[in-house]
Amino acid sequence: MNSATWYGLLGATLAGIGLYGLIVHPHVLRKILSFNLLGSGVFLIAGVVARRGADAGLPGDPVLQGLVITGIIVAFSATALAVALLLRLAETANTASLSPGALEGRAGDAPLPADGSDPGVARRREGS
Amino acid sequence: MQDVTTPGGHWLVLALMVPVAGLLLAVLFGGRHAERIALAALPLGAIAALAIVMQMLSSGAALVYCLGNWAPPLGIVLRADGLSVAMMVTTVVVLTAIALFARIDFATPRGAREARAPFVFWVMLLGVWAALLVVFLAGDFFTLYVALELVAFAAVPLVSLDGRAETLQAALRYLLYALAGSVLYLVGTVLIYGGYGTLDIALLADRLRAEPVAIVAVALMTAGLLAKTALFPLHLWLPPAHAGAPAAASALLSGLVIKGSFFLVIRLWLDAFGSVMTPAAAQLLAALGAGAIVVGSVVALQQARLKLMVAYSTVAQIGYLFLMFPLVLGAASAGAAAAALAGGLLQAISHATAKAAMFMAAGLVYAALGHDRVADLRGAARALPLTIAAFALSGIALIGLPPAGGFLAKWLLLSSALESAQWWWVVVIALGGLLTAAYVFLVLSKALTTTAEPVVITPVPRSSEVIVLALAIVSALLGVAALAPLDLVLIGRDEVMSGAR
Amino acid sequence: MTTSNALLVGTLALPLVLLAACLWSAARDRMLPWLVVAPLPALLAALGVDRGTTVTLIAAGSYEGVLALDAPGALLLGVAALLWSAAGAYAATYQRDLPNRGRFAASWLLCLTGCLGVFVAADMALLYLTLASMTLGASALVFQDESAGARRAAGIYLGLALAGETLVLVAMILLAQATPEGSLLIRDAALVLPSAAHRDLIVVLLIVGFGLKAGLVPLHVWMPLAHAAAPMPASAVLSGVVVKAGVIGLIRFLPVDAGLADWGNLLAIVGMFTALYAVAIGITQPHPKVVLAYSSVSQMGFTAAVIGMGIANLEAATPVLAAFYATHHILVKGAMFLLVGIVAATAGTRLRGTLLLAAVLAVGLGGLPLTGGAVAKLAVKGPLGSGWAATVAYASAVGTTLLMLHFLRRVAANSAAEPSARAAAGLRWPWLVMAVAAIVVPWAIYLGLSLGTVAEAIAPKALWASLWPVGVGAALAWWLARAGDRLPRIPPGDVAVGIDRGVAAGARAGVALLRADGVLRQWSVAGVSLLTLAALFVLAIMAGH
């Protein structure tokens, strides 16, 4: 097996670990990290594809290198957005879980009106 | 055949530039200027869309623009065919209504230079618009990947605009699930490039064969797109996200954002992979759609809150959109395939307008009554006649009664199903209409009940009610408007359609 | 634009203009007195439009919306317009003090537009549009007093009507695929039906779909519920005219052709069964409006049987004759419903004349000699032929007489207690107009359209043939009055208990689906579903290659 195949298997393993973490772990930060692992695995696979499809004389197909760079930027922005939302969630509800059960009985936030009314409306009424 | 920039192709770039320039200017100037820039950009975008329509009708062919004058496979193209143009026009119309409606909810307060929620809303509105335009116009799968991500990133903040913990969770859930989907999509594109050396849709239509690499690629890409479109059973993020967002944002999310990834599935299945797709795969996709219709409608019937009911109605209506695939791929003649395609597109357009109107009406009910419990809607019709009328009209469009676009779409889909002898989809479509009627009747019968004393409400601005009613009337009369330009859908699709057989 | 064209367009234009005016609440609250005027262009159109006039209403792309008036349509349109007008005048007084009268007027106008439109629509898309409008308007009318019973009745009616219309839609699409050049005209569809590829399926869909609208058993369940819940004038038009949409559908779509003879026989069997079944249930009902509802079911069954036997016997005049029979029913049933309101507002001692007139009309439905009913029954002897159907027709006449006399007994028991009570003039003169019309108009049509001669109508054989069933029916009614308490109590809508059980089962299934949805929306389950779906797609695509 040549190095491209090894890298391919490595990429697949990383992607597998990332997928597993994304599906199984309840903590949002771990999900974000797993997503990054998954992304890294996919980029490695892209690199392998670039290597196998390269023309003679070029180390790797430049189009795929461009794809990987764009992918890294997208993953980076996605991670930044997700972390920002997570920080806000932790600030607001002192939890880092996606399950609705984690929001019950929390302190520090105005309780959700029991009659189902929209707090956003109340806030706007107060603010204007 | 090499792609060249067609006359009028520059309109595609101009159409894209409007929301992008608006977005940049809005971030630059900030504050209350964001709203003004968005409102100024919409008419310009409408002009560009109309110019593209007229150009296409006069030339009768798709518009193409090669970026940098490089033709594929070296360069990338923007390509506008009948489908793109129809979706572009729909986007501008719905966005105009949403923008006019949101002027009151998302106005920057007097005395403040900038407020978080309004600023984010207007910037994200422009962002969603720009991203959707790229989705509709891009001609290769990687640009479409970037566009998909842009749509997601612009849509996620809209979910958690009010900053509550529930909506933050919903936004995170949406973001993470959408990211999982886009990773699968990315793997698919990498595989396609590895196997066929290009990502341009028109070139791929000739090169793709039913080989393992293509099959795995399309399966992964489809699964990823279905996760972003929230097709049953991948719909976990949609109800809390769409129900938790403010009314204007829900209208945007349900009406337009969903249609982006759906449009991509059309491009994937019908344009690029038409020769690879099998009847079994199409039936599987539509079976998921049927599941969405049944489960979504039945769960909608049991919701206690109006906004959750409308969100589950979206889950059900998304299922309708996917019924067109076995009908197009299994059609006996090109004419029948075209009819099925037109039906699916019309269903998407009808849902976009009707669901946006319905969410905005639900938002007005919320704002006026202070709650949206379905059981306590008695007296709403007397207090908010225009709003309830708008809800009723959009309900009629969703059920599929004439003269709404939904009826014409139902007719086209039923004709193709009957012509290709796929009787079971006839049953599904009929059942879907009845289930939709059930929950619309549930809400309307409560709202139309009179109470002894008038219900106490916070007055909502008359203009908001009028805007919502206008959009609802558009959706209820769409069938009449759509009778003539059905041929528009087919412009630019002949080579693709014949290549797929 | 010729007069004929203008009248045809005006049939729909005037009600639509009034309906549009209902958008303003001030106009809506004052709309009640205008209800009497709305159907007048339709009445003039029925009298004055030349047969064969067509008007193209909309032309967009390849679609043309066409209005036309054929002979059966003209008959039904004219009489329907008369009933709508009289009932509208009645409603102006009856609903005068209602807080919701604006909404009542808007629903009334919506139903009216749809109903008149059904009779003049010549292409299938326009027919579907008018059927849908009629259904929406009618369910709003049934819902009018917002009680729990009204909600249930409106929901059942809406659900069944939409289901029926969906079946008709599928049949229309199949017909549109069979017609030359995909023409949507009903006329072309009927011509191509006997030789269409899916003929049997289309006929079943049409019979079930239009049968639902007309109230054939077992699809009649919505009728008694809707009539019990709707206000008096609304019941009058519901029973009188809205069900005739089913009849006109059957008449227009099913041509008299040898290819459909078997289906004609089947339709006749279903119709006659309906006619007798509804009588059996109707005599157990205490509420006069419900009795009338069952009588309508019975008469619609009879009309359907006439159509069916006419097709089986290849009687060319079936469309006009069946429509003629239906027009008599419209007039009598409309008058009877208006009567119920009048009796409830009048003291028993003042009712003698009214009840006598009502008795003549009611028994006329069973075929009392020299009334319009006798003429109607004489006219349909042709399509019914001389076989089993003619025999069962006599039984039906006996049953109808029995049922209508039972109705008269029940309605007389409902008179006002106060000895000086008298119904308002605004209620009485529409009733008188309908009552007189019920006697005069059938004779006018019979003679005017040359469906027969006076000599035939008063021949001793014909008189005896209509008299003896009435006599037997009257005897049975007398027996019923003595022994009525021993009949079982059947809830209105009889088979509707099945619907309630079905709804309960549906609710249980709904809860199960809700729980399943909850499971599917857990993150781990959704994540695994995503991957599973990708694998399934790989398998599905590979399976085809």
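Trainee: How many salt bridges does a search of the whole structure find over all chains?
Mentor: This is a predicted model: local features need pLDDT of at least 70, side-chain atom pairs count only at pLDDT 80 or more, and totals for chains, interfaces and linings use all residues, while side-chain values use heavy atoms and leave out hydrogens and water. Residues are numbered from 1 along each chain as its sequence is written; chains are lettered from A and ligands numbered from 1 in the order in which they are written. A salt bridge is a side-chain nitrogen of Lys or Arg within 4 Å of a carboxyl oxygen of Asp or Glu. Over all chains, the search finds 16.

Trainee: B:Lys228 forms a salt bridge with B:Glu149. How many residues apart in sequence are the parts that this pair ties together?
Mentor: The closest N and O atoms of B:Lys228 and B:Glu149 are 3.5 Å apart. B:Lys228 lies in helix α8 (residues 212-229) of chain B and B:Glu149 in helix α5 (residues 141-159) of chain B. Helices (H or I, at least four residues) and strands (E, at least two) are DSSP runs, numbered from the N terminus. The pair therefore ties together parts whose separation in residues is 79.

Trainee: Does B:Lys228 count as buried or exposed?
Mentor: Buried means under 20% relative accessible area, exposed over 50%, and partly exposed in between (1.4 Å probe, protein chains only). Its partner B:Glu149 has 3% relative accessibility, so B:Glu149 counts as buried. B:Lys228 has 7% relative accessibility, so B:Lys228 counts as buried.

Trainee: Which residue forms a salt bridge with B:Asp271?
Mentor: The closest N and O atoms of this pair are 2.7 Å apart. The partners are 4 residues apart in helix α10 (residues 247-272) of chain B, so about one helical turn separates them. Both are buried. The partner of B:Asp271 is B:Arg267.

Trainee: B:Arg373 forms a salt bridge with B:Asp376. What is the relative accessibility of B:Asp376?
Mentor: The closest N and O atoms of B:Arg373 and B:Asp376 are 2.7 Å apart. B:Arg373 counts as partly exposed because its relative accessibility is 27%. B:Asp376 also counts as partly exposed, because its value is 33%.

Trainee: Which residues do salt bridges that share partners join into one network?
Mentor: Two names here have come up already, as B:Asp271 forms a salt bridge with B:Arg267. Salt bridges that share partners make one network of B:Asp271, B:Arg267 and B:Asp81.

Trainee: On to the interfaces. Which helix supplies the largest share of the side of chain C that touches chain B?
Mentor: Contact means heavy atoms within 4.5 Å, and 52 residues of chain C are in contact with 65 residues of chain B. The count of salt bridges between chain C and chain B is 0. α6 (124-142), α7 (148-178), α23 (496-520) and α24 (523-543) of chain C each supply at least two residues of that side. The largest share, 14 residues, comes from α7(C).

Trainee: How much area do chain C and chain B bury between them?
Mentor: Buried area is the accessible area (1.4 Å probe) that two parts lose on being put together, summed over both. Of the area between chain C and chain B, 80% is on carbon and sulfur atoms. The total is about 5000 Å².

Trainee: Which residue of chain C does B:Val216 touch?
Mentor: B:Val216 lies in helix α8 of chain B. At a relative accessible area of 30%, B:Val216 is partly exposed. Not counting residues up to four places away in sequence, B:Val216 touches B:Leu191 and C:Val538.

Trainee: The side chain of C:His227 reaches which backbone oxygen?
Mentor: C:His227 is found in helix α10 of chain C. At 0% relative accessibility, C:His227 counts as buried. A polar contact is a pair of N or O atoms within 3.5 Å; within protein, one must be able to donate a hydrogen and the other to accept it, and residues adjacent in sequence count only if both atoms are side-chain atoms. At 2.6 Å, the side chain of C:His227 reaches the backbone oxygen of C:Met223.

Trainee: How far apart are the C-alpha atoms of C:Ala230 and C:Ser195?
Mentor: C:Ala230 lies in the loop between α10 (222-229) and α11 (232-242) of chain C. At 3% relative accessibility, C:Ala230 counts as buried. C:Ala230 and C:Ser195 are 35 residues apart along the chain, and their C-alpha atoms are separated by 43 Å.
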